[in-house]
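Reader: I am new to this structure and would like a close look at a single part of it. Please start with one pair of packed helices, and then show what lies around it and elsewhere.

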Protein chains: 2
Amino acid sequence: MPTKPAKTSLPPRIRITNPRPIVDCGRHPAKRTVGDRVEVTATVFRDGHEILGAQILYRGPDQRRYESAPLELVNNDLFTGSFEVTASGRWRFLIEAWSDRAATFRDELRRKVEAGEEDLTSELAEGAILLGIEDLDVETALASTVSDRHGTVRSDALELDVDRPLGRFGAWYELFPRSFGGFAGVERVLPQLAELGFDVVYFPPIHPIGRSGRKGKNNTLGARPGDPGSPWAIGSEEGGHDAIHPELGTLADFDRLVARANELGLEVALDFAIQCSPDHPWLKEHPDWFQHRPDGTIKYAENPPKKYQDIVNVDWECDDRQSLWEALRDVVLHWMSHGVRVFRVDNPHTKPLPFWEWLIAETRAVDRDVVFLAEAFTRPAMMHELAKIGFNQSYSYFTWRNSRWELEQYLVELATEDVDYFRPNFFVNTPDILSAYLQEGGRPAFEARLVLAATLSPSYGIYSGYENLENVPIAPGSEEYLDSEKYELRERTIDGPLLPLVARLNAIRRANRSFQRIDDLTFLETANDQLVAYAKQSEADTVIVCVNLAMAPSEGLLVVPPDLDLPDSFVVQDLLTDETYAWQVGGNYVLLPPGGAHVMHVR
Amino acid sequence: MPTKPAKTSLPPRIRITNPRPIVDCGRHPAKRTVGDRVEVTATVFRDGHEILGAQILYRGPDQRRYESAPLELVNNDLFTGSFEVTASGRWRFLIEAWSDRAATFRDELRRKVEAGEEDLTSELAEGAILLGIEDLDVETALASTVSDRHGTVRSDALELDVDRPLGRFGAWYELFPRSFGGFAGVERVLPQLAELGFDVVYFPPIHPIGRSGRKGKNNTLGARPGDPGSPWAIGSEEGGHDAIHPELGTLADFDRLVARANELGLEVALDFAIQCSPDHPWLKEHPDWFQHRPDGTIKYAENPPKKYQDIVNVDWECDDRQSLWEALRDVVLHWMSHGVRVFRVDNPHTKPLPFWEWLIAETRAVDRDVVFLAEAFTRPAMMHELAKIGFNQSYSYFTWRNSRWELEQYLVELATEDVDYFRPNFFVNTPDILSAYLQEGGRPAFEARLVLAATLSPSYGIYSGYENLENVPIAPGSEEYLDSEKYELRERTIDGPLLPLVARLNAIRRANRSFQRIDDLTFLETANDQLVAYAKQSEADTVIVCVNLAMAPSEGLLVVPPDLDLPDSFVVQDLLTDETYAWQVGGNYVLLPPGGAHVMHVR
């Protein structure tokens, strides 16, 4: 029954535990952005009193060999160090640790000398070998800086997904190209959008729209002649996911639009919605990709009692799923080949996770810098899992977090426990979400929510109409817009009273590094539940934001805590108004109009 | 460059994340005790709106096949369930989950019916196949309880180390057999120890003691004739780790002692100390097991400036380490063959972790019920790792946690984040630790610490002399006893003024299940920092303990919070005095003498 201990090599005496950053025990990569310093920590220890050394070994996506960065002991076996990620793609790092017998010898010798021991002959004979110094004396021994590595061990490798800065930081503007006269019209407003400081212009699907089951105005069944249908009812005899709706323009027009956007520092983001109008070419070409009932009918999409009579879903478990998956991948590769590097993915939580894992790997193999935004509004486990398996950023619960307590609780979660994998994109509205707060609060609510989104989340977005304060729902208690442009043609221009605030906020975000990260956040006391206040601090700047959530003036005492490490008194400048104030560590009186905000830069 | 999706089988759509109990991502087993219900939780989800089913599969150490226990959905994809562990040894469990298409069908049908949809012919045709019912109508469909399992997935298996109740719950008494006249004398006091309610009688090493470097009284160098030496200086020409010191008795005497202890419901625990006196037989038989200096001398043990001139350490990295490891294992197996099933391991943190992993596995293969107590006082990482790799219980920082804040902070850690693997044994003193609190506080301090240890930790222990209030240190600022019996012969009997309190506490612990676990703890407000108070609740009982940490009377308001689910007013009986009090949810006046305590049982 008794067995023998492993004979060949000495089992490792050093343990490396709790390495960070890590996501789900290393099953998923942590996210970082090009230019980040990755702060690494690990607990490294062994039996006895040996002095240990440790380092980080890391390599980028194009490196075969590991580079090293030092790890230093902080206390209680905790080591910390860092390295910079300089390219996008998949990085690996691990921790290497060893016993330093030379340092251990010196440490013991020093303690003996300090304790007044005099006969250290035996110790010095031992040290002479370790340090490689003949006729070693105490002084020489203690002055030596030789170190050696004994019993070296390595942790498992951990992975990082490093993406370009847009993966983390960007301002998005969503518009329906048909409301601007198609691609040509959009091209005309691009300079305005660039000047407003946007980074991404996102279009709902631009493909031919089906006629079968087409929805009329306000989501009614039975479209009338001239009703354009929902862009998400993708596919008609004019083509499917790789085609362009003829009324928007041609592929050449699209290419020109993308090129013009890029010239202006803008990117075009497309919607990737895996669903088909009953008129989509795939239904004829690949009927086996769709689920049929026993009576031969195809199920339209539904989530009872909600019905989507204008679309059908693919059957992920069909026998021919391999060609289905490949066709879907080819749709994304097609648009990538036309310059699109940002995709907003419609309802990814209703499609299999293994599909997304495969698709994202396929696209990254072509272009590491393609960015996927997950439009999932569902329970936390799936929201988090989509982020873990590779979506660069995610829609969030922001639109439903309106009170100070809700905002604080949610942002603390995003800035701490979720921060290594889940990057929120705070849309203030979407074609599907006109929040009750905006419906009821009017302009002050729009202003407050805009400041919150732009200053709390590095990525945020608005859907056109927000700047015009559009806030009439289709029915009381509904979050759907009345006369939504999902179902009808609108004529839009880029105007609206909120645009100066938008432009100012986007400029502020670009100029102040603190707004480009989410994990530098400290909420501040205000002595008034209607005033939410927070500091954000980077190496480059400290900003303090205070937003009045009420539709009435609010006053309070904004408390600057000592742990922000600010001088006892200092000057703040409101970046929205350029006014300056003398503030101090401790309470600072603030009075804000309905929905008003301070965005204070600490000088 | 593009690759094909996996062709053969559909990749699993269901994810099982965050399974519990789990220790270090599943690298180590969680600990449980025979008779425990293991509460299992996991997050189980997939894409879409399918209804999922899940269960636990588990098996004990002697089972080949898994048994199942149900998992129920609580909310937000969290499933919970439980199973009972009925035998000691290594258990395995995993989570299995599936899509229930029949239940999903019924759920969708119900929602459509509730929404007033009338033509459900296609749905019912589909349901007929799923439910296996011909000519299905709505009523029959909704009443059906058929379920099916589709796309079943399994989590990785997780492990549990289940030990006998003594692994978690027991009262220990430590004594030096030589101070009681050897084994025969110990045998005479066993009935007293049993009557006092102890479960384990633990002996420091019982082996022959070396003469070279033997320590004299009070740890002085150069023993005088008649000085017995430290029992931890193991080995002389009379034998090593498998021999008995001739002055204690014979192996037959030891066997009789063990048998008598067992008759009385007591167990004898031995010390396993891996170190040798310079006179240990191994130094001659296996000189290569020890580390020699270049000048040929063997290093004695030291942790500069501390010196242990009477012992040498083994060289774990010697070429012949295989036979060294086997010899050490055989020492433990030897004493196990003489009825010893509990070992207190001396300084395990100065020996290689892989050795302990191997040794514990070796001994468990012979007897699953052998219990190892780790006597490690070192930094948290090593303390925790020793517990994770298999030590059933561990010495703790308890002796140095004396203020209310310290106790609360430490106990909350033990009762929550450490609870799945680290079981503390709260010794109030040891031959090496006479805490400053005891030195300074006298009898009130001894009483307070005894009540704290016995009521906060399921395992606790006292080293003899505690009951006699011995509290004179060798020097100011030292935790060493003056005239410690580590270095000299003492004559002891089991007496001392604290024994009635010891007996009472041990009886209370056995009668009230709440004292047999650590994770049922709630600290209570007392409006006085000198009064620490806590409730412990099991299915069987609720107890409330309040201890006065001060050497003066203390009064306060002990607040019973509503979340203990007690009636608004209730009667408590002090199990130490049998007095009863009318208490209520809210504040209850308490007044305690110096070091005094209430141990209230809620009726």
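Author: In this predicted model, helix H11 (residues 436–456) of chain B packs against helix H12 (residues 499–511) of chain B, with the two axes 10 Å apart and an angle of about 20° between them. Because of that angle, which is under 35 degrees, H11(B) and H12(B) count as roughly parallel to each other. Their crossing is right-handed.

The contact can be read residue by residue. On the side of H11(B), the residues are B:Glu447, B:Leu450, B:Val451, B:Ala454 and B:Thr455. They meet B:Leu501, B:Val502, B:Leu505 and B:Arg509 in H12(B). By class, this contact of H11(B) with H12(B) holds six nonpolar residues, one polar and two charged.

Helix H11 can also be followed in chain A, where there is an open sheet to consider. This sheet of chain A has eight strands in the order S19-S18-S17-S14-S11-S10-S21-S20, and their pairing is parallel. Its edges are strand S19 (393–394) and strand S20 (425–427) of chain A; each has a single partner strand, so one side of each is left without a neighbour in the sheet. Within the sheet, strand S17 (residues 342–346) and strand S18 (residues 371–375) of chain A are paired in the parallel sense over five bridges. In this pair, A:Val345 stands opposite A:Ala374 in S18(A). Helix H7 (residues 321–336) of chain A packs on the sheet and touches strand S14 (267–272), S17 and S18 of chain A. The direction of H7(A) makes about 165° with that of S14(A). Helix H11 (residues 436–456) of chain A packs on this sheet too, touching S20 and strand S21 (459–463) of chain A. The angle between the direction of H11(A) and that of S21(A) is about 150°.

Chain A has another open sheet, in which the pairing is antiparallel. Six strands form it, in the order S22-S23-S24-S29-S26-S27. Strand S22 (521–524) and strand S27 (580–584) of chain A are the edge strands, and each pairs on one side only. On average, neighbouring strands of this sheet are turned by 30° against each other, direction ignored. Strand S26 (residues 569–574) and strand S29 (residues 597–602) of chain A run antiparallel and are joined by three bridges. Here A:Gln573 stands opposite A:His601 in S29(A). Helix H10 (residues 404–415) of chain A packs on this sheet, where it touches S22 and strand S23 (531–537) of chain A. The direction of H10(A) makes about 160° with that of S22(A).

A further helix pair in chain A can be set beside the one described at the start. The axes of helix H1 (residues 101–114) and helix H2 (residues 121–131) of chain A come within 10 Å and cross at roughly 155°. H1(A) is therefore roughly antiparallel to H2(A), and H1(A) passes H2(A) in a left-handed crossing. A:Arg101, A:Ala102, A:Phe105, A:Arg106, A:Leu109 and A:Lys112 are the residues of H1(A) in this contact. Their counterparts in H2(A) are A:Glu123, A:Leu124, A:Gly127, A:Leu130 and A:Leu131. The contact of H1(A) with H2(A) divides into six nonpolar, one polar and four charged residues.

Some details of the backbone are found in loops. Most residues other than glycine have a negative phi, and most peptide bonds are trans. A:Pro304 and A:Pro305 are joined by a cis peptide bond, with omega about 5°. A:Pro305 is in the loop between strand S15 (300–303) and strand S16 (306–312) of chain A. In chain B, a cis peptide bond joins B:Arg20 and B:Pro21, again with omega about 5°. The loop that holds B:Pro21 runs between strand S1 (15–20) and strand S2 (30–33) of chain B. A:Asn218 is not a glycine, but its phi is positive, near 55°. A:Asn218 lies in the loop between strand S12 (215–216) and strand S13 (220–221) of chain A.

Last comes the relation between the chains. A turn of 180° and a shift of 0.0 Å along the axis lay chain A on chain B with an RMSD of 0.0 Å. That is the relation of a two-fold axis. Among the residues of chain A, A:Cys25 comes closest to the rotation axis, with its C-alpha at 2.9 Å. Of the interface residues of chain A, 100% are also interface residues in chain B, so the copies meet through the same surface.

Definitions and conventions: Residues numbered from 1 in each chain as written. Chains lettered and ligands numbered in written order. Predicted model: local features only at pLDDT ≥ 70, side-chain atom pairs only at ≥ 80, totals over all residues. Heavy atoms only, no water. Least-squares fit on C-alpha atoms with pLDDT ≥ 70 in both. Contact = heavy atoms within 4.5 Å. Axes fitted to C-alpha atoms, helices over the stretch in contact; angles between N-to-C directions. Helix = DSSP H or I, 4+ residues; strand = E, 2+ residues; numbered from the N terminus. Parallel < 35°, antiparallel > 145°, perpendicular 65-115°, else oblique. Left-handed = near helix turned anticlockwise from the far one by under 90°. Nonpolar A, V, L, I, M, F, W, Y, C, P; charged D, E, K, R; others polar. Pairing = 2+ DSSP bridges.
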